[in-house]
Amino acid sequence: MTAQFPFDNSYARLPTRFYTRQNPAEVAAPGLIAVNHGLAERLGLTLPESAEDQARLFAGNDIPDGATPLAQVYAGHQFGGWSPQLGDGRAVMLGEVVAPDGARFDIQLKGAGQTPYSRMGDGRAWVGPVIREYILSEAMAALGIPTTRALAAVTTGETVLRERAMPGAVLTRVAASHIRVGTFQFFAARRDVEALQALTDHTIARHYPDADGPSGLLEAVIGAQADLVARWMGVGFIHGVMNTDNMTLSGETIDYGPCAFMDVYHPETFFSSIDQFGRYAFANQPQIAAWNLAQLATALLPLMPDRDAAIERFTEAVNGFAERFDAAWHGVLRRKLGLAEDREEDAALAFDLLDRMAQGGGDFTRVFRALSGPNPALAEAEFRAPRVFGPWFEAWQARLAEEHRDELARVTAMQAVNPALIPRNHSVEQAIQAAVAGDFGPFHRLNEALSDPFTDRADILDLQAGPEEDEVVTQTFCGT
Ligand code: AMP
Ligand code: MG
């Protein structure tokens with residue numbers, strides 16, 4: 001059977017200055033690493049039967065009927081500096097599929113060869129970033145956090161030159177859309193009001209059908225991003241490269257380059273090798289999101305008839321991010337602490353725990369998971385300096401007691417929000433090392449375990465553990 005994708009390519013119907021038509025480059029010897037059959041089914045895709053044909057499909061060697069391959073153009077602020085022209089430099093979008101439930105998704109091949117936006121890049125990806133994105137994006141989905149997803153990963157049979165020759169690979173990424181803050185900035189910077197209007201209409205129709213014009217869109221995106229960043233922080237996720245070209249209008253996490261989950265909690269944690277000053281450190285993420293949203297607001301201004309009134313209104317909307325983020329973040333923390341009632345002082349209780357984790361070297365995931373058990377006092381063992389824990393524990397117990405909540409209900413609720421498993425840097429690194437040596441076993445095992453992150457399992461204790469001293473990963477690298 002040949003591939004059948006239910007394509008309906010609305011982005012390709014936008015004016016041609018939104019993209020360049022571009023076929024993926026053929027690769028020498030496609031080899032299948034993984035196909036996400038659950039996702040394929042959710043999207044309503046029919047895949048070819050043989051592994052060879054699937055590999056050719058997801059390598060870009062065979063183009064499914066109805067595809068209109070293209071590279072999207074965008075701009076963006078990278079580390080605060082303006083880049084007037086970016087775009088899909090190593091990715092080609094095959095088109096959009098409309099799933100059986102009516103939801104629309106982009107299907108994109110990442111590592112598909114050079115495009116007009118490749119600048120100095122080779123348009124390729126190697127197996128490391130590809131399986132990294134596969135693992136992390138699927139883990140985020142399983143954690144219930146809005147994200148792009150991974151449909152497939154293949155090897156190309158070619159080598160890609162990085163610090164040394166690496167095995168080449170292609171990831172098939174699925175997204176509600178690839179529309180970025182930087183897409184709006186691209187047209188705003190060119191004073192192309194017509195394109196900006198078309199992009200705004202397209203984005204509203206696709207993601208926020210109830211939004212009323214540019215202001216409504218801005219408000220909706222601010223709300224989605226406030227919620228997203230709070231959810232990231234609730235699982236100790238550090239995006240790592242929150243440039244405006246890596247922020248979606250849909251509110252999905254995108255661009256799994258140097259991102260990472262924290263082991264031991266510290267608000268200033270960052271891993272990205274290119275983030276010299278910790279601009280995108282864990283606790284900076286809300287401020288950076290607000291900054292990016294201010295860029296979106298600026299890009300939308302040319303659409304507003306009364307510029308001064310719009311500036312006032314948009315400024316208020318962007319300033320409102322802080323309050324919306326705080327409400328979302330406090331809610332996340334309250335649920336992580338198993339508190340059913342919403343009280344003013346709960347945030348302080350949660351922040352006190354975080355401070356103590358930072359002081360006492362508490363593993364973010366393991367502390368919260370231990371607190372979620374029937375014997376939460378065991379969480380003490382998850383601190384390097386356990387003395388910090390006792391006083392906080394007593395305060396939390398007192399607060400819990402005021403709720404008269406059934407113990408089993410507390411445990412069930414907490415275990416549903418505090419994962420037993422996250423993709424830890426050292427486990428991901430080990431899976432990559434093995435993959436480079438040709439063994440995808442650890443990748444598959446990690447992936448399988450991460451598909452069910454809220455269940456305690458005796459067979460994955462090693463994956464739940466924090467890193468040994470010699471396993472600690474201090475730096476992560478861009479997905480190039
Ligand atoms: P990122 O840091 O992943 O958000 O990428 C920033 C920009 O660099 C985007 O326009 C990418 O398409 C482009 N880029 C990254 N890696 C490559 C590559 N290997 N070849 C061509 N373009 C790339
Ligand atoms: Mg990017």
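This report walks through some helix packing, a metal site and a few single residues in a predicted model.

## Helices 6, 7 and 8

Let us start with helix 7, which covers residues 285-300. Helix 6 (residues 213-234) packs against helix 7 at an angle of about 165 degrees, and their axes are 10 Å apart. Angles over 145 degrees count as roughly antiparallel, and therefore helix 6 and helix 7 are described as roughly antiparallel to each other. Their crossing is right-handed. On the helix 6 side, the contact is made by Pro214, Leu218, Val221, Ile222, Gln225, Val229, Trp232 and Met233. Helix 7 adds Gln285, Pro286, Ala289, Leu293, Leu296, Ala297 and Leu300. Sorted by class, this contact has 13 nonpolar residues, two polar ones and no charged ones.

Helix 7 also packs with helix 8 (residues 307-336), here at an angle of about 155 degrees and with the axes 10 Å apart. Helix 7 and helix 8 are therefore roughly antiparallel to each other too, and their crossing is right-handed. From helix 7 the contact takes Pro286, Ala289, Ala290, Leu293, Ala294, Ala297 and Leu300, while helix 8 brings Phe314, Val318, Phe321 and Phe325. What classes of residue make up the contact of helix 7 with helix 8? There are eleven nonpolar residues, no polar ones and no charged ones.

When you look at lists like these, one general idea helps. An α-helix has 3.6 residues a turn, so residues three or four places apart point the same way.

## A covered helix

Now find helix 10, made of residues 364-371. Seven of its eight residues are buried, so this helix is mostly covered. The buried ones are Phe364, Thr365, Val367, Phe368, Arg369, Ala370 and Leu371.

What covers them? The cover includes helix 6 and helix 8, along with helix 9 (346-360), helix 11 (389-401) and helix 12 (407-415).

## The magnesium site

The magnesium ion is ligand 2, and its protein donors are Asn246, through OD1, and Asp255, through OD. These donors lie 2.0 to 2.2 Å from the ion.

Are the two donor residues buried or exposed? Asparagine 246 is buried, because its relative accessible area is 9%, under the 20% cut-off. Aspartate 255 also counts as buried, at 15% relative accessibility.

## Single residues to look for

Histidine 202 sits in helix 5 (residues 193-207). With a relative accessible area of 11%, histidine 202 is buried. Leaving aside residues up to four places away in sequence, histidine 202 touches Ser10, Tyr11, Leu14 and Ile179.

Glutamate 41 belongs to helix 1 (residues 37-43), and at 65% relative accessibility glutamate 41 counts as exposed. Measuring from C-alpha to C-alpha, glutamate 41 and isoleucine 222 are 31 Å apart in space, and 181 residues separate them in sequence.

## Two positive phi angles

Most residues other than glycine have a negative phi. Arginine 119 has a positive phi, near 50 degrees. You can find arginine 119 in the loop between strand 6 (104-110) and strand 7 (125-126), and at 59% relative accessibility arginine 119 counts as exposed.

Histidine 404 has a positive phi as well, near 50 degrees. Its place is the loop between helix 11 and helix 12. Is histidine 404 buried or exposed? At 71% relative accessibility, histidine 404 counts as exposed.

Methods:
Residues numbered from 1 in each chain as written. Chains lettered and ligands numbered in written order. Predicted model: local features only at pLDDT ≥ 70, side-chain atom pairs only at ≥ 80, totals over all residues. Heavy atoms only, no water. Axes fitted to C-alpha atoms, helices over the stretch in contact; angles between N-to-C directions. Helix = DSSP H or I, 4+ residues; strand = E, 2+ residues; numbered from the N terminus. Parallel < 35°, antiparallel > 145°, perpendicular 65-115°, else oblique. Left-handed = near helix turned anticlockwise from the far one by under 90°. Contact = heavy atoms within 4.5 Å. Nonpolar A, V, L, I, M, F, W, Y, C, P; charged D, E, K, R; others polar. Buried < 20%, exposed > 50% of the residue type's maximum accessible area, 1.4 Å probe, protein only. Donors = N, O, S within 2.8 Å, 3.2 Å for Na, K, Ca; no water.
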